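Reader: Hi! I'm new to this one, so could you walk me through it?
Author: Happy to, let's have a look together.

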Amino acid sequence: MTTLNTIPTNENMKDEMLHITLADGMVRGLLLTATGVVAKAAAIHCTSPLSTAALGRSLMGTAMMGAMLKGEESSVTVTIDGGGPIGKIVCVADAESVRGCVDVPNLIMPLRPDGKLSVGMAVGKDGRMSVVKDLGMARPYVGQTQLISGEIAEDFANYYMQSEQTPTLQSLGVLVNGENVLSAGGVLLQVMPGCTDDIIDQLELRSPLMYDISRELCYESMEDLMARWFDGLKPVILERKPLSYRCTCTRERMEKALIALGREELSRMIADETDGAELTCHFCKRSHKFSQGDLIKLLNKAVEK
Ligand SMILES: [Zn+2]
């Protein structure tokens, strides 16, 4: 019998998103393997297994949303705030990269009776998922739905249904063994207008197969899973895209954030912090140092609030 300890770790595995269709385009889908992305997030944020799972699922759900955006400059920010002990999870994705952070990275809670990590309990369901899509237009698109379980995949599927009227089947999984991320992946299927009831029934019938995707990905490739799960439904791979954990923070962006604090706050900072200030990025933990002289220069650019 294979135990968790004998599964090889896949930290250097190449993460990839497959864009697929089923049944002559009546269903569109995404298959994702993101072990490297989740392992990197866990390393940056020093997460407990529970926080790794919650952040990992959120990163993958956001990456899948990002993969469906039109336009190279587009990005999406997903905030999951369910009122649970893990606090808020924020993830940002574009077509080929994702980054994220979680309020409580080291949360520990008892396992569920079925032995799984208590992601739903940690996230909570007394709150909202909000989605901000920046499509390069004057104003971003903003959507919001109530969380239904805090288990993340169900909450994303519910968002697509409520906010975009698209029936969606989604599964997201992170398999951890202590600090090690063994496997992470996801699947998303969306029913297009005109899809027949027969195809919808077929998907519902097969949905339990996709429930444990992270464990399945330890043993089979995405291509093999696709062939097995969607046998008879004419699965076609349209496109393959790499995915990585990448932050876009720069000193310039940090400067803008400081300027945005306004004159009063900046003046207080200059008076209080004679050694200057050090800002750490929430997503990648990189720090940027600003001397008192730097802050004074920024103060001159800031406006009264
Ligand atoms: Zn950063």
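Author: One term before we start: two residues are in contact if their C-beta atoms, placed from the backbone, lie within 7 Å. Also, this is a predicted model.
Reader: Thanks! Let's use that term on helix H7: what covers its buried residues?
Author: The cover includes strand S1 (16-22), strand S2 (27-33), helix H5 (197-206) and helix H6 (213-219).
Reader: And which residues of H7 are the buried ones?
Author: H7 runs over residues 222-229, and its buried residues are Met-222, Leu-225, Met-226 and Trp-229. They cover an arc of only 100 degrees around the axis, so they sit on the same side of H7.
Reader: What does the face turned away from that buried side carry?
Author: That face of H7 has the exposed residues Glu-223, Asp-224 and Ala-227.
Reader: Nice. Stepping back, how many helices and strands are there in the protein?
Author: There are ten helices and 13 strands. The radius of gyration is 21 Å, close to the 19 Å that the globule rule gives for 305 residues, so the protein is as compact as a globular protein of that length.
Reader: What share of the residues is buried?
Author: Buried residues are 40% of the 305.
Reader: Which residues touch the most other members in the largest nonpolar core?
Author: That core has 76 residues, and the ones touching the most other members are Leu-32, Val-38, Ala-54, Leu-59, Ala-63 and Val-98. Helix H2 (residues 49-67) gives the most to this core, with ten residues.
Reader: Let me pick Val-38. What is it in contact with, leaving aside neighbours within four places in sequence?
Author: Val-38 is in contact with Thr-52, Gly-56, Leu-59, Val-174, Val-181 and Ala-184. Apart from the largest core lies another core, of five residues, among them Met-254, Leu-266, Phe-290 and Leu-298.
Reader: New topic, sheets! What order do the strands take in the open sheet of six?
Author: The order is S7-S6-S3-S4-S5-S11, and the pairing is mixed. Strand S7 (141-146) and strand S11 (244-245) are the edge strands, each pairing on one side only.
Reader: In which sense do S6 and S7 pair, parallel or antiparallel?
Author: Antiparallel: strand S6 (residues 128-134) pairs with S7 over six bridges. Lys-133 stands opposite Tyr-141 in S7.
Reader: Last one: where does helix H4 lie?
Author: Helix H4 (residues 153-164) lies across strand S3 (75-81), S6 and S7, and runs at about 120 degrees to S7.

Notes
Residues numbered from 1 in each chain as written. Predicted model: local features only at pLDDT ≥ 70, side-chain atom pairs only at ≥ 80, totals over all residues. Pairing = 2+ DSSP bridges. Helix = DSSP H or I, 4+ residues; strand = E, 2+ residues; numbered from the N terminus. Axes fitted to C-alpha atoms, helices over the stretch in contact; angles between N-to-C directions. Core = buried A, V, L, I, M, F, W, Y, C linked by C-beta atoms within 7 Å. Buried ≥ 20, exposed ≤ 12 C-beta atoms within 10 Å, placed from the backbone. Arc of directions from axis to C-beta. Rg over C-alpha atoms; globule rule 2.2 N^0.38 Å.
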